[in-house]
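Work through the following exercises with the sequence and the 3D view side by side, and try each task before reading its solution.

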Amino acid sequence: MPDFPQRVTIKDVAREAGVSPTTVSHALNERGQVDAQTRARVQQAAARLGYRPNRHAQRLRTGEAHMIVLLSSMPFAVAGGPSRLGFMMEVAAVAAAAALDRGLALVLAPPMESGTVPLELLEVDGALVIEPSADDANLAYLQRRGLPVVTIGRPGSQPGAVPHVDIHSAHTTQLLLDHLHAQGARQIAMILGTEPRNSYVEARACYERFVGQHGLPLLLETADEVRGEAGGEQAAAALLAAHPGIDALCVPIDAFAVGAARAVQALGRRIPQDVMVATRYDGLRARSCEPPLTAVNLHLDQVAHQAIDLLFDHLRGETAQVAVPGPLAELVVRESSNRAAL
């Protein structure tokens, strides 16, 4: 994990200049009675230490609007797609409006190929982070800066310490598996990402319990998120080659699911008659796939509102609440698994 430097504080500048923190504040903000020689000494100390004013603290004092950032460490191949930003844009659309209602301006940091956003370029007061992994560099950087952070989805690490809105990944996975089984699937395979995200951990644990309870084979494959749809296609092709009897693919990542559907069809197999396909996020990818994919309504509008509310509380110093349960997801059945409609 990158070793980010500790943020230089006003107390550090005060020690360097040999004055009080109050004098530093007055000198740098041109308030109060500070003589020219002391002001110059404070400014030189701040320059030597690389001090940047804490805009968050300043805005709290003045009542100005705060700036927050929405970001995801998922690479563009997963976070992007036909709608350019997919899951992220759906959250952003609601979060931006909810933020403005509370005097907050939202900056959208688009997903990068590496998944790491150059946050040092942004002067923000807080952040919403979508489904961070256990070793998420973006989350670590924000925490080192001491900024209030709320994650959408339980964080991959420190789940009890990082404020978050729980999107119930295990429940969502159970919905998909129960549906596929009810449609007659008896060899259900799963494709997950290799990153240590909590949603993948919960999905895998739910899948392992499910196949164990029903006496089904465990057929699991992983793919690198960076490969997007191509990664899902390759993983599905490998599963189908090794286990020709597979009759359903549960693929929580929508980019992987679209690739998996291509792999099924490339083998001359029909969806859903021969192999059913279902995914988690009911976004444009799922709806525009051919055939359209069964997915799950995560109620992201409500999730975004909850995340903004929680972040707003933490910006104001009201930090008692850490975990907020999001709304339970609802299954959206489409052609890719609806054998009953045939």
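**Exercise 1.** Decide whether leucine 331 counts as buried, partly exposed or exposed, and then find its surroundings.

*Solution.* The model is a predicted one, and in it leucine 331 has a relative accessibility of 28%. Since buried means under 20% and exposed means over 50%, leucine 331 therefore counts as partly exposed. As a next step, locate leucine 331 in strand 12, which covers residues 330-332. Leaving aside neighbours within four places in sequence, leucine 331 is in contact with Leu175, Leu176, His179, Thr294, Ala295 and Val296. Finally, take histidine 179 from this list: although histidine 179 and leucine 331 are 152 residues apart along the chain, their C-alpha atoms are separated by 8.5 Å.

**Exercise 2.** Explain why strand 9 is described as largely enclosed by the rest of the structure, and identify the strands that pair with strand 9.

*Solution.* Begin with the residues of strand 9, 276-281: six of the six are buried, so the strand is largely enclosed by the rest of the structure. Next, follow the pairing with strand 8 (residues 248-251), which is parallel and runs over four bridges, with threonine 279 as the bridge partner of valine 251. Then turn to strand 10 (residues 294-297), which pairs with strand 9 in the parallel sense over two bridges, and where valine 296 stands opposite tyrosine 281. To complete the picture, add helix 11 (residues 254-266), which forms a right-handed β-α-β unit together with strand 8 and strand 9.

Terms used. Residues numbered from 1 in each chain as written. Predicted model: local features only at pLDDT ≥ 70, side-chain atom pairs only at ≥ 80, totals over all residues. Heavy atoms only, no water. Buried < 20%, exposed > 50% of the residue type's maximum accessible area, 1.4 Å probe, protein only. Pairing = 2+ DSSP bridges. Right-handed = clockwise from strand over helix to strand, strands pointing away. Contact = heavy atoms within 4.5 Å.
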